[in-house]
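Welcome, and take a moment to look over the model below. We will walk through it together, one group of residues at a time.

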Amino acid sequence: MTWLMLSMRKMQLKSEVSDLQFEEVQISNKIQELANYTNSIADGTLTMNELASAPSSLFGTTLDYLQNSSAAAYQSATIKTNALIQQLAQTNNMTGNQYGYTMGSIDGANYDASTIFNEIYKEELKEYSKQMQQVLNEYEKELQTEQTRVETQLQAKEAELQQYENRIRSNIQADAIKF
């Protein structure tokens, strides 16, 4: 009769082990998807291929990144470009247009604002990417901590399951009719 109670506990432990194994696989998948996403945004831009290959669980996050990074970089680049052009104009005025001539402008005062903006925009995209990567690294650390916790629980449940299997075998052998 004792082996019957042990068998019921064994079934419960098998279910718990299965659940923990499933949870461990899910966490591993999240970590892998997060690593792929981090690699995709590493250079600050997303190509159409990177967007198309984004996992479905992070597709919305990828689209949000695309929208937010572009908006943040645009706003920051606009402000910095305007400030830089103003600073260049002041420097040019203080040097009697000599600074502008050395910068390559014909009249000593015209600066290629679109080139300056594009360079600053690219830098701002990279900076936004670095900030996002810091956030993603923190999230990955949390996932790895969770994975370690699940692995520890899984090992404990598997050890307990093995003990119950051994006890069931010994109880069955002890209760067996001997001739």
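A charge is said to sit over a ring if NZ of Lys or CZ of Arg is within 6 Å of the ring centre and within 35 degrees of the ring normal. Arg167 gives us an example: its charged end sits over the ring of Tyr164, 5.6 Å from the ring's centre. Keep in mind as you look around that this is a predicted model.

Now let us step back to the whole chain. The protein has five helices and zero strands, so from the N terminus on its elements read α-α-α-α-α by the DSSP runs. Of its 179 residues, 27% are buried. Among contacts with a separation of 6 or more, 78% are between residues 24 or more positions apart. The protein exposes about 12100 Å², and carbon and sulfur atoms supply 55% of that area.

Next, find the aromatic rings. How many aromatic pairs does a search of the whole structure find? It finds four. One of the pairs joins Tyr65 and Tyr128, whose ring centres are 5.6 Å apart; their planes meet at 45 degrees, so this pair is tilted. Tyr65 belongs to helix 3 (residues 59-94) and Tyr128 to helix 5 (residues 113-175), so the two rings tie together parts that are 63 residues apart in sequence. Is Tyr65 buried or exposed? With a relative accessible area of 2%, Tyr65 is buried. Tyr128 is buried too, at 18%.

A second link between these helices comes from Tyr74 and Phe117, an edge-to-face pair with 5.5 Å from centre to centre and 70 degrees between the planes. Because Tyr74 lies in helix 3 and Phe117 in helix 5, this pair ties together parts that are 43 residues apart in sequence. Phe117 counts as buried, at 18% relative accessibility. Ring pairs also bring Tyr37 into the picture, linking it with Tyr65 and Tyr128 in a cluster.

Let us turn to charged residues. Side chains of opposite charge can pair when their charged atoms come close. The count here comes to seven salt bridges. In one of them, Glu160 meets Arg9, and their closest N and O atoms are 2.8 Å apart. Glu160 is in helix 5 and Arg9 in helix 1, so this bridge ties together parts that are 151 residues apart in sequence. Glu160 counts as partly exposed, at 23% relative accessibility.

Arg149 and Glu23 form another salt bridge, with 3.4 Å between the closest N and O atoms. Here again helix 5 holds one partner, Arg149, and helix 1 the other, Glu23, so parts that are 126 residues apart in sequence are tied together. Both residues are partly exposed: Arg149 at 34%, and Glu23 at 27%. Glu23 and Arg149 are also linked with Glu146 in a network of salt bridges.

For a bridge inside one helix, look at Glu119 and Lys122, whose closest N and O atoms are 3.9 Å apart. Both lie in helix 5, three residues apart, which is about one turn of the helix. Glu119 is partly exposed, with a relative accessible area of 44%, and Lys122 is partly exposed at 46%.

Finally, visit the surface. Leu4, Met5 and Met8 make a nonpolar patch of about 310 Å². Leu4 is found in helix 1 (residues 2-40) and counts as partly exposed, at 38% relative accessibility.

Note on methods: Residues are numbered from 1 along each chain as its sequence is written. This is a predicted model: local features need pLDDT of at least 70, side-chain atom pairs count only at pLDDT 80 or more; totals for chains, interfaces and linings use all residues. Side-chain values use heavy atoms; hydrogens and water are left out. Rings of Phe, Tyr and Trp (its six-membered ring) pair if their centres lie within 6.5 Å; planes under 30 degrees apart count as stacked, over 60 as edge-to-face and the rest as tilted. Helices (H or I, at least four residues) and strands (E, at least two) are DSSP runs, numbered from the N terminus. Buried means under 20% relative accessible area, exposed over 50%, partly exposed in between (1.4 Å probe, protein chains only). Patches are made of residues with over 30% relative accessible area and no salt bridge: like charges are joined within 9 Å, nonpolar side chains (Val, Leu, Ile, Met, Phe, Trp, Tyr) within 5 Å. Accessible areas come from the Shrake-Rupley method with a 1.4 Å probe; for residues, only the protein chains shown count as cover. A salt bridge is a side-chain nitrogen of Lys or Arg within 4 Å of a carboxyl oxygen of Asp or Glu. Contact means heavy atoms within 4.5 Å.
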